[in-house]
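Student: I am new to this structure and would be grateful for a close look at a single part of it, the surroundings of the ligand. Please describe them in one connected account.

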Amino acid sequence: MENEEKKLPKIMLTGDRPTGRLHIGHYVGSLRNRVELQNTGDFDEMYIMIADTQALTDNAGNVQKVRDNVVEVALDYLACGIDPSKVTIFVQSRIPELPEFTCYFMDLVTLSRLERNPTVKAELQMREFGESIPTGFLTYPISQAADILMFGASIVPAGEDQAPMIEQAQEIAHKFNSLYGEVFVEPKIQLPTLEAARRLPGTDGKAKMSKSLNNAIYLSDDAKTVSQKVMTMFTDPTHLQVSDPGHTKDNPVFIYLDAFCKDEHFAKFLPEYPNLDALKAHYERGGLGDVTVKKFLANVLNDTLEPIRQRRKELENDIEGVYKILEEGSKKAEAKAASIALRARRKMGIDYFENHKLIEKQQKAYKKAHEQEAALAAYLAKNKK
Ligand code: ATP
Ligand code: MG
């Protein structure tokens with residue numbers, strides 16, 4: 001058993017909904033981590049999925065938005081340094097095994113379990129569905145479990161909002177394995193080490209920067225837009241005068257600095273301070289204005305985003321090439337999902353056409369029954385005489 005476990009390949013899977021371009025919350029929450037993992041070479045297989053099927057669960061009336069953003073998300077990945085020769089980038093709707101197993105997994109999860117999912121609860125409220133919740137939306141954690149389990153992924157790098165989804169996937173893997181036999185790996189979430197990066201707030205101070213909330217700084221925003229967005233950011237509401245002592249905790253400007261700034265940024269843009277701790281101490285003492293901090297943040301963000309923007313510009317000249325990467329990735333991903341599906345169907349006993357043992361067993365049973373029938377008929381015929 002232990003030997004078998006050692007042989008299991010180390011697999012990572014993660015993804016994003018194509019509901020808009022990617023923002024700096026995605027970058028610190030998951031993308032940055034993915035590029036690091038890709039470069040360490042620790043994983044045998046790495047998959048990144050553009051979750052178009054999931055995006056449709058709350059955008060059924062706006063397919064155009066989902067369709068248009070598939071390539072935008074792919075451009076953002078490649079611009080951030082995801083290397084398609086190391087990572088398989090694919091499109092969710094191209095993998096037929098995913099909806100198939102979503103159906104089987106639905107039978108393993110109760111409706112009340114789905115309704116308890118805290119992320120889904122918050123998202124339902126935000127989307128103001130009222131009584132008209134699309135069934136697909138409520139059940140998307142089940143389809144997300146299929147996305148992870150059908151690739152044998154053990155690690156899912158993601159932001160904090162995804163923790164309940166991974167928990168749901170673990171439960172489904174466990175339930176399936178105990179009902180039918182070991183097939184699925186129970187995945188684990190990999191949160192960013194930096195706390196500030198686990199759920200980056202929006203520029204409006206709302207709990208989460210989100211494509212759907214219009215409170216995001218996009219990776220592809222130009223330098224001027226980034227600066228403008230930073231200058232209008234929510235800060236500490238009690239810090240009215242420069243001389244007032246301020247709060248750095250729960251202050252989005254400082255949370256962004258926690259997530260992005262390095263000591264060398266001080267040397268480059270604000271040499272009066274050696275590091276972030278010194279800047280925070282001054283703000284908390286009083287005497288440091290929001291404008292100075294915001295200008296510094298805009299510089300830090302633009303310094304980080306500039307190489308990503310440049311690379312994106314180049315990639316935008318070859319949209320056909322980007323689709324080719326997605327097409328090839330989807331074929332590769334399908335082959336992987338198909339091989340796990342085969343094993344899972346076999347364990348469930350629904351591999352009707354490939355299961356020769358089952359066919360033989362059923363044939364034998366019929367043969368025996370027919371023989372018995374014939375013997376009985378012969379016996380009755382004989383006794384009648
Ligand atoms: P939508 O509003 O359409 O749900 P989103 O901005 O929430 O979009 P997703 O595609 O749902 O983005 O999330 C993709 C990944 O990015 C997930 O791993 C998620 O945890 C992470 N992520 C999204 N927003 C943030 C954020 N503000 N901070 C940290 N991680 C985030
Ligand atoms: Mg989301």
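Tutor: Sorted by class, the shell around ligand 1 holds 8 charged, 10 polar and 4 nonpolar residues. The model is a predicted one, and the values that follow are computed from it. Altogether 22 residues surround ligand 1, and those that come nearest are T19, D161, K208, S210 and S212.

Individual polar contacts can be named as well. In its side chain, H23 has an N or O atom that lies 3.1 Å from an oxygen atom of ligand 1. The backbone also takes part: a polar backbone atom of G25 is 3.3 Å from a nitrogen atom of ligand 1, and a polar backbone atom of M209 is 3.0 Å from a nitrogen atom of ligand 1. As for cover, ligand 1 taken alone exposes 600 Å², of which the protein buries 96%.

The space that ligand 1 takes is the largest pocket. Two or more residues of the shell around ligand 1 come from each of two elements, strand 1 (11-16) and helix 2 (24-40). Helix 2 gives the most to this shell, with 3 residues.

For the wider setting, the protein chain is divided into three parts: domain 1 covers 2-201 together with 319-347, domain 2 covers 223-311, and domain 3 covers 355-384. Between the C-alpha centres of domain 2 and domain 3 there are 83 Å.

Terms used: Residues are numbered from 1 along each chain as its sequence is written. Chains are lettered from A and ligands numbered from 1 in the order in which they are written. This is a predicted model: local features need pLDDT of at least 70, side-chain atom pairs count only at pLDDT 80 or more; totals for chains, interfaces and linings use all residues. Side-chain values use heavy atoms; hydrogens and water are left out. A residue is near a molecule or strand if one of its heavy atoms lies within 4 Å of it. A polar contact is a pair of N or O atoms within 3.5 Å; within protein, one must be able to donate a hydrogen and the other to accept it, and residues adjacent in sequence count only if both atoms are side-chain atoms. Accessible areas come from the Shrake-Rupley method with a 1.4 Å probe; for residues, only the protein chains shown count as cover. On a 1 Å grid over the protein atoms alone, a cavity is a set of points where a 1.4 Å probe fits but cannot get out, and a pocket is an open set with protein on both sides within 12 Å along at least five of seven lines; lining residues have an atom within 4 Å of a point. A molecule sits in a cavity or pocket if more than half of its atoms lie within 2 Å of its grid points. Helices (H or I, at least four residues) and strands (E, at least two) are DSSP runs, numbered from the N terminus. Ala, Val, Leu, Ile, Met, Phe, Trp, Tyr, Cys and Pro count as nonpolar, Asp, Glu, Lys and Arg as charged, and the others, Gly among them, as polar. Domain bounds come from an automatic or database domain assignment.
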